[in-house]
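Please look over the protein shown here, with attention to its core, one polar residue and its database annotation.

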Amino acid sequence: MVQLASNDTHSKAVGYLLWIFGFTGAHRFYYGKPVTGTIWFFTFGLFLIGWLIDLFLIPSMDRQADLRYQSGPTNYTVAWVLLTFLGVFGIHRMYMGKWLTGLLYLLTGGLFLIGVLYDFWTLNDQISMKHSRRDIFSR
(Lines give C-alpha, C1' and ligand atoms only; values in the text may rest on other atoms or scores of the structure.)
Protein backbone atom coordinates (compact mmCIF):
# COMPACT_ATOMS: atom_id res chain seq x y z
CA MET A 1 0.00 0.00 0.00
CA VAL A 2 1.46 3.35 -1.07
CA GLN A 3 0.91 6.24 1.28
CA LEU A 4 1.23 9.81 0.08
CA ALA A 5 3.22 12.21 2.21
CA SER A 6 1.17 14.75 4.07
CA ASN A 7 1.33 18.23 2.57
CA ASP A 8 -0.62 20.14 5.19
CA THR A 9 0.40 23.66 4.20
CA HIS A 10 -2.64 25.51 5.52
CA SER A 11 -4.65 25.19 8.73
CA LYS A 12 -8.42 24.69 8.82
CA ALA A 13 -8.51 26.28 12.28
CA VAL A 14 -6.83 29.44 10.97
CA GLY A 15 -9.14 29.35 7.95
CA TYR A 16 -12.18 29.38 10.23
CA LEU A 17 -10.64 32.10 12.39
CA LEU A 18 -10.08 34.24 9.30
CA TRP A 19 -13.61 33.35 8.14
CA ILE A 20 -14.95 35.28 11.14
CA PHE A 21 -13.49 38.32 9.37
CA GLY A 22 -14.36 36.73 6.03
CA PHE A 23 -16.45 39.62 4.83
CA THR A 24 -13.01 41.21 4.23
CA GLY A 25 -11.90 38.22 2.13
CA ALA A 26 -9.14 37.25 4.59
CA HIS A 27 -9.81 33.50 4.47
CA ARG A 28 -9.96 33.52 0.68
CA PHE A 29 -6.58 35.28 0.42
CA TYR A 30 -5.15 32.77 2.91
CA TYR A 31 -6.29 29.82 0.79
CA GLY A 32 -4.84 31.32 -2.40
CA LYS A 33 -7.97 32.81 -3.94
CA PRO A 34 -6.99 36.47 -4.40
CA VAL A 35 -9.60 37.35 -7.04
CA THR A 36 -12.55 36.24 -4.91
CA GLY A 37 -10.80 37.60 -1.82
CA THR A 38 -10.78 41.02 -3.47
CA ILE A 39 -14.42 40.65 -4.51
CA TRP A 40 -15.34 39.71 -0.92
CA PHE A 41 -13.38 42.73 0.34
CA PHE A 42 -15.25 45.20 -1.86
CA THR A 43 -18.72 43.58 -1.55
CA PHE A 44 -18.71 42.82 2.19
CA GLY A 45 -18.38 39.07 1.62
CA LEU A 46 -20.56 39.19 -1.49
CA PHE A 47 -23.25 40.84 0.59
CA LEU A 48 -22.71 38.32 3.43
CA ILE A 49 -24.30 35.51 1.41
CA GLY A 50 -20.98 34.27 0.03
CA TRP A 51 -19.46 34.69 3.48
CA LEU A 52 -22.10 32.38 4.96
CA ILE A 53 -21.67 29.80 2.18
CA ASP A 54 -17.90 29.83 2.79
CA LEU A 55 -18.51 28.41 6.25
CA PHE A 56 -19.17 25.10 4.49
CA LEU A 57 -16.53 25.54 1.75
CA ILE A 58 -13.50 26.00 4.03
CA PRO A 59 -12.65 22.26 4.26
CA SER A 60 -12.59 22.10 0.46
CA MET A 61 -10.51 25.29 0.15
CA ASP A 62 -8.08 23.86 2.72
CA ARG A 63 -7.67 20.61 0.74
CA GLN A 64 -7.14 22.54 -2.49
CA ALA A 65 -4.48 24.75 -0.89
CA ASP A 66 -2.73 21.69 0.57
CA LEU A 67 -2.59 20.13 -2.90
CA ARG A 68 -1.61 23.31 -4.71
CA TYR A 69 1.20 24.66 -2.53
CA GLN A 70 4.58 23.08 -1.81
CA SER A 71 5.37 22.35 1.85
CA GLY A 72 8.70 23.23 3.38
CA PRO A 73 10.42 25.03 6.23
CA THR A 74 8.57 28.35 5.86
CA ASN A 75 5.20 28.01 7.58
CA TYR A 76 2.36 29.50 5.53
CA THR A 77 0.24 30.27 8.59
CA VAL A 78 3.04 32.14 10.38
CA ALA A 79 3.78 34.15 7.24
CA TRP A 80 0.08 34.99 6.82
CA VAL A 81 -0.32 36.09 10.44
CA LEU A 82 2.78 38.28 10.13
CA LEU A 83 1.52 39.77 6.86
CA THR A 84 -1.97 40.39 8.19
CA PHE A 85 -0.93 42.09 11.41
CA LEU A 86 2.59 43.42 10.71
CA GLY A 87 2.70 43.68 6.92
CA VAL A 88 3.51 47.38 6.85
CA PHE A 89 6.65 46.63 8.88
CA GLY A 90 7.85 43.91 6.49
CA ILE A 91 8.17 41.31 9.26
CA HIS A 92 6.64 38.60 7.03
CA ARG A 93 9.30 39.27 4.37
CA MET A 94 12.08 39.05 6.95
CA TYR A 95 10.58 35.77 8.16
CA MET A 96 10.83 34.44 4.60
CA GLY A 97 14.49 35.51 4.38
CA LYS A 98 13.81 38.53 2.18
CA TRP A 99 15.68 40.94 4.43
CA LEU A 100 16.29 43.69 1.88
CA THR A 101 12.64 44.08 0.88
CA GLY A 102 11.63 43.57 4.52
CA LEU A 103 13.74 46.59 5.51
CA LEU A 104 12.36 48.51 2.54
CA TYR A 105 8.80 47.75 3.74
CA LEU A 106 9.80 48.84 7.26
CA LEU A 107 11.07 52.20 6.01
CA THR A 108 8.21 52.87 3.58
CA GLY A 109 5.14 51.53 5.40
CA GLY A 110 4.93 48.40 3.27
CA LEU A 111 5.88 50.35 0.15
CA PHE A 112 3.02 52.71 0.93
CA LEU A 113 0.64 49.73 1.35
CA ILE A 114 0.96 48.75 -2.32
CA GLY A 115 3.56 46.13 -1.40
CA VAL A 116 1.29 44.75 1.31
CA LEU A 117 -1.55 44.46 -1.20
CA TYR A 118 0.81 42.72 -3.64
CA ASP A 119 1.79 40.26 -0.91
CA PHE A 120 -1.86 39.52 -0.11
CA TRP A 121 -2.23 38.47 -3.73
CA THR A 122 1.03 36.49 -4.01
CA LEU A 123 2.26 35.30 -0.57
CA ASN A 124 1.24 31.65 -1.03
CA ASP A 125 3.01 31.50 -4.39
CA GLN A 126 6.11 33.23 -2.99
CA ILE A 127 6.43 30.64 -0.23
CA SER A 128 5.66 27.69 -2.52
CA MET A 129 8.25 28.88 -5.04
CA LYS A 130 10.82 29.24 -2.26
CA HIS A 131 10.13 25.64 -1.19
CA SER A 132 10.33 24.39 -4.79
CA ARG A 133 13.73 26.04 -5.31
CA ARG A 134 14.98 24.46 -2.10
CA ASP A 135 13.96 21.03 -3.40
CA ILE A 136 15.76 21.58 -6.72
CA PHE A 137 19.02 22.50 -5.03
CA SER A 138 18.87 19.77 -2.39
CA ARG A 139 18.96 16.94 -4.95
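The briefing below covers the basis of the model, its nonpolar core, one threonine and a UniProt record.

This is a predicted model, in which local features need pLDDT of at least 70 and side-chain atom pairs count only at pLDDT 80 or more, whereas totals for chains, interfaces and linings use all residues. Residues are numbered from 1 along each chain as its sequence is written, and side-chain values use heavy atoms, with hydrogens and water left out.

**Nonpolar core**
- The largest nonpolar core (buried Ala, Val, Leu, Ile, Met, Phe, Trp, Tyr and Cys residues joined through side-chain atoms within 4.5 Å) has 22 residues, of which Tyr30, Tyr31, Trp80, Leu83, Phe120, Leu123 and Ile127 touch the most other members.
- At least two residues of this core come from each of helix 1 (12–20), helix 2 (26–30), helix 4 (49–68), helix 5 (76–86) and helix 8 (114–137), helices being DSSP runs of H or I with at least four residues, numbered from the N terminus.
- Because domain 1 (9–68) and domain 2 (72–138) both give residues to this core, it lies between them; the domain bounds come from an automatic or database assignment.
- Leaving aside neighbours within four places in sequence, Ile127 is in contact (heavy atoms within 4.5 Å) with Thr74, Tyr76, Ala79 and Met96.

**Thr108**
- Thr108 belongs to helix 7 (residues 99–112) and is buried, with a relative accessible area of 18%, where buried means under 20% with a 1.4 Å probe and protein chains only.
- The Thr108 side chain reaches the backbone oxygen of Leu104 at 2.7 Å.

**UniProt record**
- An unreviewed UniProt entry lists residues 10–56 and 74–121 as "domain: TM2", and such annotations may be inferred rather than shown by experiment.

Technical notes: Buried means under 20% relative accessible area, exposed over 50%, partly exposed in between (1.4 Å probe, protein chains only). A polar contact is a pair of N or O atoms within 3.5 Å; within protein, one must be able to donate a hydrogen and the other to accept it, and residues adjacent in sequence count only if both atoms are side-chain atoms.
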